[in-house]
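Okay, thanks everyone, let me get the screen shared. I'll keep this short, and please stop me if something is unclear.

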Amino acid sequence: MGEKIGPEGTGKSGRGEVWILPDALHLARRGADMFARAAQQSIALKGNFAVALSGGSTPRGMHRLLAQEPFVSGIPWDRTQLFWVDERLVPARDAASNYGAAEKDFLEHVPIPSGHIHPMPVETPPDEGARMYRRELKKSFKTKEGEPPLFDLICLGIGKDGHTGSLFPGQSSLDEREKWVLPVKGGTPYADRLTMTYPVLNNGKRILFLASGSEKAGIVGRVLQGRLSGLPAQRVRPVGGTVVWLLDKEAASLLEKGKQVHDT
Ligand code: 6PG
């Protein structure tokens, strides 16, 4: 199901493999299938699966499917380590909390050990929270000095301004090359946030962008077929990984048929 356009996703030569699904439900299902396949492949290869989730509304359909069969028993949750790409600095019970939404949508319904769930710290001052999460990543991935964590899957959304995670246009966080997590302010809701930076995102093995709805059509067209203008979502170009975009028909409605998503 779904129509594929564009080249096989490679961080260097193209902006990724683009799949257009009929609607948000099919998009969620394809996303859940890809999540499960990444988990099974990673665990078969190295015995574990490290995934980073984004927040916002788009991924919630996929998350809710992960709380149902065949995903509850089909994904080796006991070998899965779950992190967040970004978080708003609000309590988990707040409707704006990415962790809180994921907890409701699937974490409460899948057999993932609590120690495998790594929410970003939201009860500490932003600078300290960023330091704590960098330490958490270093400890969890046992990375060599300076080597960023290697996620098997990073799920990203895109804002109408082209942001992804909490990497917002024009902010200095876009130029960070050392620190894996930074405190930022921005977004809707406007908030203090923590976000992973490009050293982590561009070290990912599989990047999965999800975009749904007509209000994303403009930015999806710009990011995938417009000139490279340094939009945050365009800067996600994993050197050793693949990029896949899952769009529903509405979000893909301004993509010009037949026009490559190659770099122009
Ligand atoms: C966040 C998200 C953010 C999100 C986009 C799209 O915490 O705000 O990580 O990057 O993916 O803003 O949000 P929607 O899916 O709600 O459109």
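I'll walk through a sheet and the helix on it, then turn to the cavities.

One thing up front: this is a predicted model, so keep that in mind as we go.

So, the sheet. Which strands form it, and in what order? You've got three strands making an open sheet, and reading across they go β5-β8-β7, with antiparallel pairing. At the edges sit β5, residues 86-88, and β7, residues 181-186, and each of those pairs on one side only. From one strand to the next, the twist averages 25 degrees.

Let's zoom in on β7 and β8. Strand β8 covers residues 191-196, and β7 pairs with β8 through six bridges, antiparallel again. If you want a spot to click on, try Gly186: its bridge partner in β8 is Ala191.

Now look at what packs on this sheet. That's helix α5, residues 126-141, and α5 touches both β7 and β8. The direction of α5 makes about 145 degrees with that of β7.

Okay, cavities. How many are there of 30 Å³ or more? The count comes to two. I want to talk about the second largest, which holds about 50 Å³ of space.

Who lines that one? From one stretch of numbering you get Leu53, Ser54, Gly55, Thr58, Pro59 and His63, and then Cys155, Leu156, Gly157 and Leu210 complete the lining. Sort that lining by class and you have five nonpolar residues, five polar ones and no charged ones.

That's what I have, so over to you for questions.

Note on methods:
Residues numbered from 1 in each chain as written. Predicted model: local features only at pLDDT ≥ 70, side-chain atom pairs only at ≥ 80, totals over all residues. Heavy atoms only, no water. 1 Å grid on protein atoms, 1.4 Å probe; cavity = no way out; pocket = protein on both sides within 12 Å on 5 of 7 lines; lining within 4 Å. Points joined across faces, edges and corners; volume = space filled by probe spheres on them. Nonpolar A, V, L, I, M, F, W, Y, C, P; charged D, E, K, R; others polar. Pairing = 2+ DSSP bridges. Helix = DSSP H or I, 4+ residues; strand = E, 2+ residues; numbered from the N terminus. Axes fitted to C-alpha atoms, helices over the stretch in contact; angles between N-to-C directions. Contact = heavy atoms within 4.5 Å.
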